[in-house]
Amino acid sequence: KKTLSEDELERLQREYEKLSKGSIVKLKYYNIDHYEVLEGMISKIDLIERKICVVKREIFFDDIIDLNF
């Protein structure tokens, strides 16, 4: 799993603050032993557990390495 730089983490944090239910996103995230790209609508955002649900898949913020709207 790739370790993100401080700048990358700050950029992602700014993107997380823009997330809203119903938004269409494209993200790259770590899944078990490889990276996957997923595009779809956000159906749930959990800021306590730091995860989002996109196309019925729960993804933790810590596993996301790229996020676009």
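Asp-66 comes out as partly exposed, at 29% relative accessibility (buried is under 20% relative accessible area, exposed over 50%, partly exposed in between, with a 1.4 Å probe and protein chains only). Keep in mind that this is a predicted model, where local features need pLDDT of at least 70 and side-chain atom pairs count only at pLDDT 80 or more, while totals for chains, interfaces and linings use all residues. Residues are numbered from 1 along each chain as its sequence is written, and side-chain values use heavy atoms, with hydrogens and water left out.

**Salt bridges**

- The count comes to eight salt bridges (a side-chain nitrogen of Lys or Arg within 4 Å of a carboxyl oxygen of Asp or Glu).
- Asp-66 pairs up with Arg-11, with 3.0 Å between the closest N and O atoms.
- Asp-66 belongs to strand β5 and Arg-11 to helix α1, so this bridge ties together parts 55 residues apart in sequence (helices, H or I with at least four residues, and strands, E with at least two, are DSSP runs numbered from the N terminus).
- Arg-11 is partly exposed too, at 28%.
- Arg-57 bridges to Glu-36, the closest N and O atoms being 2.9 Å apart.
- That pair links strand β4, home of Arg-57, to strand β2, home of Glu-36, 21 residues apart.
- Lys-51 reaches Glu-49 with a closest N and O distance of 3.2 Å; Lys-51 is buried at 11%, whereas Glu-49 is partly exposed at 44%.
- Shared partners join Glu-49, Lys-51 and Glu-58 into one salt-bridge network.

**Aromatic rings**

- There are two aromatic pairs here (ring centres of Phe, Tyr and Trp, the last by its six-membered ring, within 6.5 Å; planes under 30 degrees apart are stacked, over 60 edge-to-face, the rest tilted).
- Tyr-16 and Phe-61 are stacked, at 4.2 Å centre to centre and 15° between the planes.
- Tyr-16 is in helix α1 (residues 6-18) and Phe-61 in the loop between β4 (57-60) and β5 (64-68), so the stack connects parts 45 residues apart in sequence.
- Both rings' residues are buried: Tyr-16 at 7% and Phe-61 at 4%.
- Tyr-30 and Tyr-35 sit edge-to-face, with centres 5.1 Å apart and planes at 70°.

**Nonpolar core**

- The largest nonpolar core has 16 residues, and those with the most contacts inside it are Leu-19, Leu-27, Ile-64 and Leu-67 (a core is a set of buried Ala, Val, Leu, Ile, Met, Phe, Trp, Tyr and Cys residues joined through side-chain atoms within 4.5 Å).
- Two or more core residues come from each of α1, β1 (24-31), β2 (34-46), β3 (51-54) and β5.
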